[in-house]
Amino acid sequence: MLNTELPYLLTKMNVEFFKREDVKPFDLEDPKPDRLERMEDRYYLMKDERDIQKVGTVKKMIKHLGKHQSELTKYARKEKVNVTDPESLLKLLDYFHSLD
């Protein structure tokens, strides 16, 4: 959980497992062993215990918030909110809370 007021912004670390690569004859590079690699994090918006939505785009996040859509859209454009940047998503939620 990244903030303290409803709706919450949740983050989920995305980690993938990759099997080791087979050794190829005459290959100059060493094969990579079994490994875990961290991928891009995923963000979710939680309005209550039963209503959790993945943040796919800023537009969908604003729509899911419900109220103050035109103000939030203007703010998102002005501040260049990006769904891969948790700080900008938190700024958008802080602005949303300031409107209430």
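This passage describes a helix, the side-chain pairs and the largest pocket of a predicted model.

Helix α3 comprises 14 residues, from 86 to 99. At 1.5 Å a residue the helix should span 20 Å, and the C-alpha atoms at its two ends lie 20 Å apart, so the expected and the modelled values agree. The buried residues of α3 are P86, S88, L89, L90, L92, L93, F96 and H97. An α-helix has 3.6 residues a turn, so residues three or four places apart point the same way. Four elements are packed against by the buried residues of α3: the strands β1 (8-12) and β4 (42-48), and the helices α1 (58-65) and α2 (69-79).

Helices α2 and α3 are also linked through an aromatic pair, Y75 lying in α2 and Y95 in α3. The structure holds one such pair. A pair of aromatic rings is described by the distance of the centres and the angle of the planes. For Y75 and Y95 the ring centres are 4.3 Å apart and the planes stand at 5°, so the arrangement counts as stacked. The pair ties together parts that are 20 residues apart in sequence. Y75 has a relative accessibility of 16% and is therefore buried, the cut-off being under 20%. Y95, at 25%, counts as partly exposed.

Side chains of opposite charge can pair when their charged atoms come close. Two salt bridges were counted in the model. In one of them, R35 is joined to E37, with 2.8 Å between the closest N and O atoms. E37 has a relative accessible area of 30% and is thus partly exposed. The other salt bridge is formed by the side chains of R38 and D41, at an N to O distance of 2.8 Å. R38 is exposed, because its relative accessibility of 51% is over the cut-off of 50%. Its partner D41 is partly exposed, with a relative accessible area of 21%.

The largest pocket has a volume of about 160 Å³. Its lining consists of V58, K59, I62, K63, Q69, T73, A76, R77 and V81. The elements that contribute two or more residues to this lining are α1 and α2. These two helices are also among the elements against which the buried residues of α3 pack.

Notes:
Residues numbered from 1 in each chain as written. Predicted model: local features only at pLDDT ≥ 70, side-chain atom pairs only at ≥ 80, totals over all residues. Heavy atoms only, no water. Expected span 1.5 Å × (residues − 1). Buried < 20%, exposed > 50% of the residue type's maximum accessible area, 1.4 Å probe, protein only. Contact = heavy atoms within 4.5 Å. Salt bridge = Lys/Arg side-chain N within 4 Å of Asp/Glu carboxyl O. Phe/Tyr/Trp six-rings, centres within 6.5 Å; stacked < 30°, edge-to-face > 60°. 1 Å grid on protein atoms, 1.4 Å probe; cavity = no way out; pocket = protein on both sides within 12 Å on 5 of 7 lines; lining within 4 Å. Points joined across faces, edges and corners; volume = space filled by probe spheres on them.
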